[in-house]
Amino acid sequence: TYFGKAEIEGAIRATFDLIQGERYVIKDLVWTYVHDDSAACTYGFEWSGLIEGQPASGTGRGTTVVVRVGDGWQIIQEHLGPSATRPPHDV
């Protein structure tokens, strides 16, 4: 968990510095709330790149909340986590 802009910026910069040649794809985007000045969405993501020269990749899901600031939009909340797994289905 990171608090404040400086901690969040530091975490993001460390990740970008760690993963070289990163490819990041958002998929299955669903806008769960849309209003004139705010919106929220959920999505899946995939990433790949090199970490210490070795291929690395992963998947997950995210939730983002944005608000209108002037003529643009600003992220005020984002949560990224592992992909959802489904429990085994009883036959």
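Two strands are taken as paired if DSSP finds at least two bridges between them, and in this predicted model strand 3 and strand 4 meet that criterion with 9 bridges, running antiparallel to each other. Among the positions that face one another across this pairing are Val 67 and, in strand 4, Gln 74. The two strands form a hairpin with 2 residues between them, and in the turn Gly 70 has a positive phi of about 65°.

From this hairpin the view can be widened to the sheet that contains it. The sheet is open and has 4 strands in the order 1-2-3-4, with antiparallel pairing. Strand 1, residues 19-34, and strand 4, residues 72-81, stand at the edges, and because each has a single partner strand, one side of each is left without a neighbour in the sheet. From one strand to the next the twist averages 30°. Further in, strand 2, which covers residues 38-51, and strand 3, which covers residues 54-69, are joined in the antiparallel sense by 14 bridges; within this pairing, Tyr 43 has Gly 62 of strand 3 as its bridge partner.

The sheet is accompanied by helix 1, made of residues 4-18, which lies across strand 1 and strand 2 and runs at about 130° to strand 1.

Attention can now turn to the surface, where Tyr 24, Ile 26, Leu 29, Trp 31, Val 34 and Leu 80 make a nonpolar patch of about 600 Å². Strand 1 supplies the largest share of this patch, with 5 residues, while Leu 80 is found in strand 4. The patch thus draws on strand 1 and, through Leu 80, on strand 4, the two strands that stand at the edges of the sheet.

Leu 80 deserves a closer look. Its relative accessible area is 42%, and because the partly exposed class lies between the buried limit of under 20% and the exposed limit of over 50%, Leu 80 counts as partly exposed. Leaving aside its neighbours within four places in sequence, Leu 80 is in contact with Tyr 24, Tyr 43, Phe 45, Arg 61 and Gly 62. Of these contacts, Tyr 24 is also a member of the nonpolar patch, and Tyr 43 and Gly 62 are the bridge partners already described. As for the helix, whose residues 4-18 include position 11, the C-alpha atoms of Leu 80 and Ala 11 are 13 Å apart in space, although the two residues are 69 residues apart in sequence.

Note on methods:
Residues numbered from 1 in each chain as written. Predicted model: local features only at pLDDT ≥ 70, side-chain atom pairs only at ≥ 80, totals over all residues. Heavy atoms only, no water. Axes fitted to C-alpha atoms, helices over the stretch in contact; angles between N-to-C directions. Contact = heavy atoms within 4.5 Å. Patch = residues over 30% accessible without salt bridge, like charges linked within 9 Å, V, L, I, M, F, W, Y side chains within 5 Å. Areas by Shrake-Rupley, 256 points an atom, 1.4 Å probe, with all protein chains shown as cover. Salt bridge = Lys/Arg side-chain N within 4 Å of Asp/Glu carboxyl O. Buried < 20%, exposed > 50% of the residue type's maximum accessible area, 1.4 Å probe, protein only.
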